[in-house]
Amino acid sequence: MTEYLLETKGLRKTFGRLAAVAGVSLGLTEGTLAAVIGPNGAGKTTLINLLTGLLTPDTGTVRFKGEDITRVPSHGRVRRGLSRSFQIMNIFPNLTVRQNLLLPALSRRGRNLHAVARLEDETGANAEAEELLREIGLWDHRGARAGALSHGDQRLLELGIAVGTRPKLCFLDEPCAGMNPIERQTVLGLMRKLSGQRRTTFVIVEHDMDVVFSLAERIVVMNHGEVLADGTPAEIRENRVVRETYLGAEV
Ligand SMILES: Nc1ncnc2c1ncn2[C@@H]1O[C@H](COP(=O)(O)OP(=O)(O)OP(=O)(O)O)[C@@H](O)[C@H]1O
Ligand SMILES: [Mg+2]
């Protein structure tokens with residue numbers, strides 16, 4: 001039997017009479033770069049919310065490293081090595097860029113923002129935050145207020161916070177939305193690097209098919225809350241039903 005890093009069985013979430021996620025079963029192996037695609041309203045964000053603990057499913061289970069985490073809240077999942085960025089921005093606009101990146105590094109050491117006052121002691125966290133600043137290309141902006149950054153830079157910062165917790169598994173909801181090509185390359189480069197060096201597993205939700213097909217090793221296609229197809233990029237490209245319902249002439 002394959003040992004999955006993350007495994008869901010029969011995951012279901014309804015809002016009123018709408019089944020946003022209508023029975024999803026998936027297994028994800030460690031180190032994979034996976035993408036979830038599908039039309040607007042397909043249930044992609046709801047699925048990620050169920051997997052990261054923002055929502056509790058009506059039925060079904062989520063297992064992470066063999067442990068049933070279906071009812072574990074988000075912060076408990078982050079502690080276990082599961083992190084995320086949001087489709088909508090999730091940074092601290094009034095902290096500097098550098099302070100934003102200190103947060104995950106401090107949190108990993110069981111510290112919080114109060115520790116910012118005693119930063120001299122936190123050399124390890126400082127070094128980590130600085131490495132991240134360079135990796136996401138925001139070194140020159142490290143002293144700026146995060147809220148004053150351009151949209152693309154704010155998204156890069158958000159990615160930095162998500163990977164700054166050193167997750168085993170990281171969910172990114174539309175990480176490249178609103179980014180210019182250079183920012184997009186920074187995101188993809190960082191994901192490939194962390195996937196290679198730390199065996200970080202990534203699951204991205206993405207509408208840009210260039211990004212999806214250049215990055216993903218595995219693609220899950222959702223439609224009406226269900227998994228319509230699941231396979232390698234080549235398999236998904238060849239899938240007649242996927243082409244008809246979603247991809248069209250795009251790829
Ligand atoms: N909190 C909520 N309350 C009511 N309905 C919701 C809620 N969240 C999502 N939905 C509905 O569930 C369905 C799936 O939404 P979801 O946000 O998961 O889709 P998505 O695939 O992420 O779409 P997009 O590509 O537009 O981000 C949609 O019909 C949406 O309107
Ligand atoms: Mg969404």
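Start with burial: colour the whole chain by it, and buried residues make up 40% of the 251 residues in the protein chain. Here a residue is buried if 20 or more other C-beta atoms lie within 10 Å of its own, exposed if 12 or fewer, and partly exposed in between, with C-beta atoms placed from the backbone. What you have open is a predicted model, in which local features need pLDDT of at least 70 and side-chain atom pairs count only at pLDDT 80 or more, while totals for chains, interfaces and linings use all residues. For finding your way, residues are numbered from 1 along each chain as its sequence is written, and chains are lettered from A and ligands numbered from 1 in the order in which they are written.

**The whole chain**

Switch to a cartoon view and you have nine helices and 10 strands to look through. Helices (H or I, at least four residues) and strands (E, at least two) are DSSP runs, numbered from the N terminus. The radius of gyration is 18 Å, close to the 18 Å from the globule rule for 251 residues, so the chain is as compact as a globular protein of that length. That radius is taken over C-alpha atoms, and the rule is 2.2 Å times the number of residues to the power 0.38. Along the principal axes, the C-alpha trace spans about 55 × 40 × 35 Å.

Now think about contacts: two residues are in contact if their C-beta atoms, placed from the backbone, lie within 7 Å. Of the contacts between residues at least 6 apart in sequence, 66% join residues at least 24 apart.

**Stop one: E7 in β1**

Select E7, which sits in strand β1 (residues 6–15). E7 has 19 C-beta neighbours inside 10 Å, so it counts as partly exposed. Leaving out residues up to four places away in sequence, E7 touches G27 and R63. For a long view, add N126: E7 and N126 are 119 residues apart in sequence and 35 Å apart in space, C-alpha to C-alpha.

**Stop two: helix α1**

Next, pick residues 44–52, which form helix α1. How many of its nine residues are buried? Nine of the nine are; L47, I48 and N49 are among them. Just after α1, click on G53, whose phi is positive at about 95 degrees.

**Stop three: α3 against α4**

Show helix α3 (residues 97–107) together with helix α4 (residues 123–135). Their axes come within 8 Å and cross at roughly 125 degrees. Axes are lines fitted to C-alpha atoms, for helices over the stretch in contact, and angles run from 0 to 180 degrees between N-to-C directions. The pair is therefore oblique. For reference, angles under 35 degrees count as roughly parallel, over 145 as roughly antiparallel, 65 to 115 as roughly perpendicular and the rest as oblique.

Turn on side chains: R98, L101, L102, A105 and L106 in α3 meet A125, E128, A129, L132 and L133 in α4. Those contact residues divide into eight nonpolar, no polar and two charged. Ala, Val, Leu, Ile, Met, Phe, Trp, Tyr, Cys and Pro count as nonpolar, Asp, Glu, Lys and Arg as charged, and the others, Gly among them, as polar.

Zoom in on R98: is this α3 residue buried or exposed? R98 is buried, with 20 other C-beta atoms within 10 Å. Not counting residues up to four places away in sequence, R98 touches A129, L133, R142 and G143. The C-alpha atoms of R98 and A129 are separated by 6.7 Å, though their positions lie 31 residues apart along the chain as a sequence separation.

**Stop four: α5 alongside α6**

Move on to α5 and helix α6 (residues 181–197), whose axes come within 10 Å and cross at roughly 10 degrees. These two are therefore roughly parallel. On the α5 side, select G152, L156, L159 and V163; on the α6 side, select E183, T186, V187, L190 and L194. This contact has six nonpolar residues, two polar and one charged.

**Stop five: two loops**

Most residues other than glycine have a negative phi. R166, in the loop between α5 (151–164) and β7 (169–173), has a positive one near 50 degrees. H224 also has a positive phi, near 50 degrees, and sits in the loop between β9 (218–223) and β10 (226–231). R166 is partly exposed, with 15 other C-beta atoms within 10 Å, and H224 is partly exposed with 16.

**Last stop: E244**

Finish at E244 in helix α9 (residues 240–247). E244 is exposed, with 9 other C-beta atoms within 10 Å. Add V72 to the selection: the two are 172 residues apart in sequence and 38 Å apart in space, C-alpha to C-alpha.
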